[in-house]
Amino acid sequence: MPMMRDTLPRILLVEDDPTSQAFLTAALRATPAEVDAVDTMGAALALAASQTYAAWMIDARLPDGSGAELLARLRERDARTPAIAHTAAHETDVLDALVAAGFAEALVKPMPAATLQSALRRVLGSAADKAPGAELAIVEDVPLWDDDAAALALNGNRTHVETLRELFVQELTKSVYAISTAAERGDLDSVRGDLHRLRASCGFVGAQRLAAAVQALQQDPASPARLDALEHIAHETLAHAGVTPHPAPIVEAQSAAF
């Protein structure tokens with residue numbers, strides 16, 4: 001039975017190039033989804049002020065501003081709606097900067113319709129605030145450590161991997177504490193920045209399950225369930241590394257030290 005139109009998620013698409021906008025609109029509608037397409041930051045802000053969206057898809061460069069600037073303005077009204085960036089830039093630092101700015105994903109144009117549709121389904125699936133147990137189930141099959149990936153990141157030098165892991169473990173409690181306290185303050189910019197740094201560190205030492213939890217929280221930094229999952233997996237990571245976690249949550253344990 002075809003899906004009723006009033007059950008479809010509504011997406012705000014911001015793209016100033018007519019050809020790209022036509023392609024992206026058609027791909028999103030085939031997901032399926034309803035799409036409101038505009039070509040400027042001003043038009044996007046006007047629509048978002050009167051319409052609730054399931055997700056925002058924003059070009060990194062717009063005639064009247066940047067995608068990151070538009071996302072920051074949208075976040076002033078709505079801290080939870082997931083956002084996808086799209087850009088013609090291929091450079092890793094550009095894509096990483098977009099994720100650090102709060103986009104759940106950064107896609108490179110041109111991309112196949114299937115790539116866009118998969119990204120939309122991922123962010124829509126992450127938008128619901130799930131119970132902590134469900135969040136943990138998402139990553140429970142991910143290995144806690146990936147020795148091969150860590151060695152590859154360090155040109156096969158496993159001695160360096162062990163040295164970096166020792167430093168990583170020493171700093172992990174502090175990192176998670178910073179993320180948790182920023183989340184409690186509602187400071188999502190700080191949460192995103194700290195998550196970006198932690199995810200990079202996870203990659204260097206092969207902390208694969210923790211990296212998956214970090215990525216999940218990046219997609220929805222206001223989610224208490226995803227924050228709880230991150231704290232739980234950080235405890236697991238510390239325990240596996242031979243560090244005895246405190247029985248209280250990391251935030252409480254760290255707070256007691258001050």
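# Strands, core and open space in a predicted model

Valine 169 counts as buried because its relative accessibility is 12%, where buried means under 20% relative accessible area, exposed over 50% and partly exposed in between, with a 1.4 Å probe and protein chains only. This is a predicted model, in which local features need pLDDT of at least 70 and side-chain atom pairs count only at pLDDT 80 or more, while totals for chains, interfaces and linings use all residues. Residues are numbered from 1 along each chain as its sequence is written, and side-chain values use heavy atoms, with hydrogens and water left out. Helices (H or I, at least four residues) and strands (E, at least two) are DSSP runs numbered from the N terminus.

**Parallel strands and their crossovers**

- Strand S1, residues 10–14, is mostly covered, since four of its five residues are buried.
- S1 pairs with S2 in the parallel sense over five bridges, a pairing being counted if DSSP finds at least two bridges between two strands, and within it valine 14 stands opposite valine 38 of S2.
- Between these two strands the chain passes from S1 through H1 to S2 in a right-handed β-α-β crossover, right-handed meaning that, with the strands pointing away from the viewer, the path from the first strand over the helix to the second runs clockwise.
- S1 is also joined by four bridges to strand S3 (residues 55–59), again running parallel, and here isoleucine 11 stands opposite alanine 55.
- Strand S6 (residues 83–87) runs parallel to S7 and is joined to S7 by four bridges; the partner of histidine 86 in S7 is leucine 107.
- From S6 the chain crosses through helix H4 (residues 92–100) to S7, and this β-α-β crossover is right-handed.
- Side chains alternate along S7 (residues 105–108), with Glu105 and Leu107 buried and pointing to one face, whereas Ala106 and Val108 point to the other and are not buried.

**Cis peptide bonds**

- Threonine 31 and proline 32 are joined by a cis peptide bond with omega of about 15 degrees, and proline 32 lies in the loop between helix H1 (18–29) and strand S2 (34–38).
- Lysine 109 and proline 110 are likewise joined by a cis peptide bond, here with omega of about -5 degrees, and proline 110 is found in the loop between S7 and helix H5 (113–127).

**The helical core**

- The largest nonpolar core has 24 residues, of which Phe168, Leu172, Ile179, Leu210 and Leu230 touch the most other members; such a core is a set of buried Ala, Val, Leu, Ile, Met, Phe, Trp, Tyr and Cys residues joined through side-chain atoms within 4.5 Å.
- Two or more residues of this core come from each of helix H8 (158–185), helix H9 (188–205), helix H10 (208–219) and helix H11 (224–240), and H8 gives the largest share, six residues.
- Valine 169 is found in helix H8, and its C-alpha atom is separated by 9.8 Å from that of alanine 239, although the two are 70 residues apart along the chain.
- Leucine 195, in helix H9, counts as buried because its relative accessibility is 0%, and its C-alpha atom is 8.0 Å from that of glutamine 215, 20 residues away in sequence.

**Pockets and cavities**

- On a 1 Å grid over the protein atoms alone, a cavity is a set of points where a 1.4 Å probe fits but cannot get out, whereas a pocket is an open set with protein on both sides within 12 Å along at least five of seven lines, and lining residues have an atom within 4 Å of a point.
- The largest pocket has a volume of about 300 Å³, a volume being the space filled by probe spheres set on grid points that are joined across faces, edges and corners.
- Of the 15 residues lining the largest pocket, Phe168, Glu171, Ser175, Arg197 and Ser201 are the closest to its centre, and H8 supplies the largest share of the lining, nine residues.
- The second largest pocket, of about 260 Å³, has among its lining residues Leu95, Glu105, Arg199 and Gln215, and H4, S7, H9 and H10 each give two or more residues to this lining.
- The structure holds two cavities of 30 Å³ or more, and the second largest cavity, with about 30 Å³ of space, is lined by Val99, Gly102, Phe103, Arg192, Leu195 and Gln218.
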